[in-house]
Every structure is written in structure tokens, then in C-alpha cells.
Amino acid sequence: MSGMWRKTAIVAAAQLLLGAISAHATNIAWVHANAAAQSEQRVKAGFDAWLKSSGKDWNVSVLDSGGSGERTASNLQDAASRGVDAIIITMADLRASRAALDAAVAAKIPIVTVDSGYVPGVLADITTNNWAMSADVSPYLLNELGGKGNIIFLRMAEHHGTRKRGDVMATILKEYPDIKVLAEHNIKYTAFFEDTTSTMQDYASRFGDQINAVWAPWDEPAQASINALKAAGLSNVKVIGIDGHPSAIAEVCKPDGMMIATVSQPFEKMGAQAGEWIEDIVVKKEDPAKVIPSKTVYLDAPLVTKQNCKDFLPK
């Protein structure tokens with residue numbers, strides 16, 4: 001009987017140990033601004049790859065805000081009320097989230113954002129320099145037009161990054177008096193692909209072959225524009241995007257492709273960086289001020305054109 005009791009005691013101790021480990025597992029809330037966006041999917045994929053390669057068994061709950069600032073605030077409030085160990089927010093407009101951010105700060109929950117713009121209460125925003133990316137790709141497009149022609153200018157003011165890109169383009173246009181903006185449209189983010197498609201179908205019908213180029217604030221609206229223009233028989237149009245998604249780079253690499261440039265953002269690296277900082281601050285209990293170099297951390301994002309696109313194709 002003593003052997004049986006000893007075995008039972010060992011099993012019970014193991015169960016208690018496992019329970020303790022489970023109870024202290026790192027719990028992360030991931031708040032997507034819009035999980036349909038490739039950029040957010042790639043950031044999450046980079047984070048997941050980092051978890052796997054580093055052998056982490058964290059509990060990650062994913063909350064999709066569907067492009068709504070109000071839902072972002074609600075999801076952030078939900079994460080704070082659950083008392084998670086850390087929160088990661090991707091590509092969000094946080095202007096409606098002040099109260100929820102304050103609740104998370106009051107609960108001493110570290111928040112790391114990705115490409116959301118720094119706001120007080122966040123440890124850091126991991127991003128790329130949106131002004132610089134637009135300063136690379138915007139004059140490239142206008143110079144490829146020879147400094148003259150008619151363009152469609154697609155914008156999206158609700159996200160800090162696309163807003164900055166559009167503002168830079170608007171400034172650059174002042175130096176190109178022979179470029180005419182046929183139409184300007186602010187993309188509806190909750191259904192960005194569908195909205196861009198219907199908008200470009202309308203412009204294709206209204207302006208036809210007057211359209212020489214399309215400036216799009218990121219890759220997916222650029223692709224939606226190309227689809228709509230091709231369907232209307234307008235294939236001699238230059239289109240640019242920003243993000244450097246594999247499908248966009250493949251489009252740039254087509255010799256006769258309408259997409260002439262994009263900018264390659266290191267989204268996977270952003271996700272991995274968020275994971276590394278949370279590991280240091282939450283698990284290792286290191287001082288955030290010593291771990292994170294600044295409130296906004298910029299990663300490099302090179303211009304991709306038909307001349308160098310092959311260097312950016314998946315290996």
C-alpha cells in the first residue's frame with residue numbers, strides 16, 4: 001500500500017506543478033485594428049514564428065476590431081479587464097481609446113503597439129518612417145510620369161501611417177505643377193478593398209484613358225485599383241503602393257505590370273520585436289526604460305522598383 005500511496009502522491013505533486021505553471025503562463029492579448037489586412041497578418045506571423053523558434057508557450061487571445069476605432073477601444077478595454085500580462089495592438093487608430101488605455105495603465109499592463117503611432121500609456125510603437133516611405137515612392141511615381149499627367153490620389157486619414165504618407169504626397173505635388181489630380185478619395189477602412197474597387201470603377205468610367213497614374217496609400221488598394229482599371233480596358237496606367245507584400249512585389253516584377261513600385265516594410269520583424277520586448281519586460285522583469293530605446297522605433301523600409309524587385313522576392 002505504501003508504494004501505491006507514494007505513486008499517488010507523485011502524481012498529485014506533478015498535477016499541482018503543472019497547474020502552477022499553467023497559472024503563471026504568459027497571457028497576451030493581441031488587438032487587431034483589422035485582421036483582414038495583410039500587414040497585420042504578417043506582423044502576427046512574425047510574432048508566431050518568434051514564439052515557435054524561442055520555444056514559448058504563451059496564451060495569445062486575438063481580438064479583431066474590423067477597422068473600427070470604437071471596437072479597438074472596446075477590445076482594449078476587454079483585455080485590460082481580464083488582467084492579461086501584456087497587450088499588443090497593430091495598425092490601430094487609438095484616438096478613441098484613451099479611457100481603455102488608461103485602464104490598462106492603471107492595471108499595470110504593458111502595451112506595445114505596431115504601426116499605430118505613439119500615444120501616452122504605450123511603452124513603444126514599432127513602425128517604419130511613413131514620411132520617409134512616401135518621400136521615396138511619391139516622387140518616383142511623378143518622375144516616372146515625366147513630371148506631367150493626370151493622377152488618381154487615394155488616401156486614408158484614419159490611420160496615422162497612411163495619413164502621413166498622403167500628407168507627404170500632397171506636399172510633393174506642390175512642386176509638380178504639371179501633374180493634375182483628377183480625383184481624390186478617402187478609402188473606407190472597414191471595407192477597404194471593396195471601397196477602392198467601386199471607387200476606381202467609377203473613376204475608370206468617368207475619366208477613362210485620361211488616367212495616367214494611381215497613388216495608393218498601401219498595396220491592397222493598389223491591387224484593387226489595378227483590377228478595376230484592367231476590367232475597364234485601361235492597362236497603360238502606372239500604380240504605386242506601400243508595404244511590399246509578396247503579391248505586390250511579384251506584380252512589380254512583371255515587365256508589363258501596372259504596379260511600378262512599392263516599399264518593403266519588415267512586418268514580420270515588427271512582430272518578433274514586440275515578442276522580444278515583452279519577454280524582457282514581463283517574463284524577465286527588466287526595466288522598460290533600459291530595454292526599449294525610444295517611444296517610437298523605426299525599422300528600415302527600402303523602395304522596391306522594377307529594377308531591384310527580384311532582390312525582394314521570397315527565397
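# A tour of the predicted model

Start with the largest nonpolar core, which has 45 residues; Ile87, Ile89 and Ile278 have the most contacts inside it. A nonpolar core is a set of buried Ala, Val, Leu, Ile, Met, Phe, Trp, Tyr and Cys residues joined through side-chain atoms within 4.5 Å. Buried means under 20% relative accessible area, exposed means over 50%, and partly exposed lies in between (1.4 Å probe, protein chains only). Nonpolar side chains tend to be buried together in soluble globular proteins.

This is a predicted model: local features need pLDDT of at least 70, side-chain atom pairs count only at pLDDT 80 or more, and totals for chains, interfaces and linings use all residues. Residues are numbered from 1 along each chain as its sequence is written, and side-chain values use heavy atoms, with hydrogens and water left out.

**The cores**

Select helix H10, residues 267–283, which gives the most to the largest core, with 8 residues. Helices (H or I, at least four residues) and strands (E, at least two) are DSSP runs, numbered from the N terminus. Now pick Ile278. Not counting residues up to four places away in sequence, Ile278 touches Ile28, Trp58, Ala86, Ile88, Val112 and Val283. Contact here means heavy atoms within 4.5 Å. Then move to a second, separate core of 31 residues, which includes Ala204, Ala216, Trp218 and Ala248.

**The open sheet**

Next, show the strands in the order E7-E6-E8-E9-E10-E12: these 6 strands form an open sheet with mixed pairing. Two strands pair if DSSP finds at least two bridges between them. Strands of a sheet pair through backbone hydrogen bonds, either parallel or antiparallel. At the edges are E7 (179–186) and E12 (303–305), each of which pairs on one side only. On average, neighbouring strands of this sheet are turned by 15° against each other, direction ignored.

Select E9 (residues 238–240) and E10 (residues 259–263), which pair in the parallel sense over 2 bridges. Valine 239 stands opposite methionine 259 in E10.

Add helix H5 (residues 130–144), which lies across E7, E8 (213–215), E9, E10 and E12 and runs at about 165° to E10. Helix H7 (residues 192–207) lies across E6 (149–155), E7 and E8, at about 145° to E7. For these angles, axes are lines fitted to C-alpha atoms, for helices over the stretch in contact, and angles run from 0 to 180 degrees between N-to-C directions.

**Salt bridges**

A salt bridge is a side-chain nitrogen of Lys or Arg within 4 Å of a carboxyl oxygen of Asp or Glu; by this rule the count comes to 11. Select aspartate 78 and arginine 82, whose closest N and O atoms are 3.1 Å apart. They are 4 residues apart in helix H3 (residues 69–82), so about one helical turn separates them. Aspartate 78 is partly exposed at 30% relative accessible area, and arginine 82 is partly exposed at 41%.

Go on to lysine 254 and glutamate 251, a salt bridge with its closest N and O atoms 3.2 Å apart. Lysine 254 is partly exposed, at 38%, whereas glutamate 251 counts as buried, at 6%. Finally, select Arg155, Asp167 and Glu184, which are linked in a network of salt bridges.

**The annotated domain**

To finish, select residues 40–285, covered by the annotation "domain: Periplasmic binding protein" in an unreviewed UniProt entry. UniProt positions are given in the numbering used here, feature names are shortened, and annotations may be inferred rather than shown by experiment. Over residues 40–285 the chain is 49% helix and 19% strand, with the end C-alpha atoms 27 Å apart.
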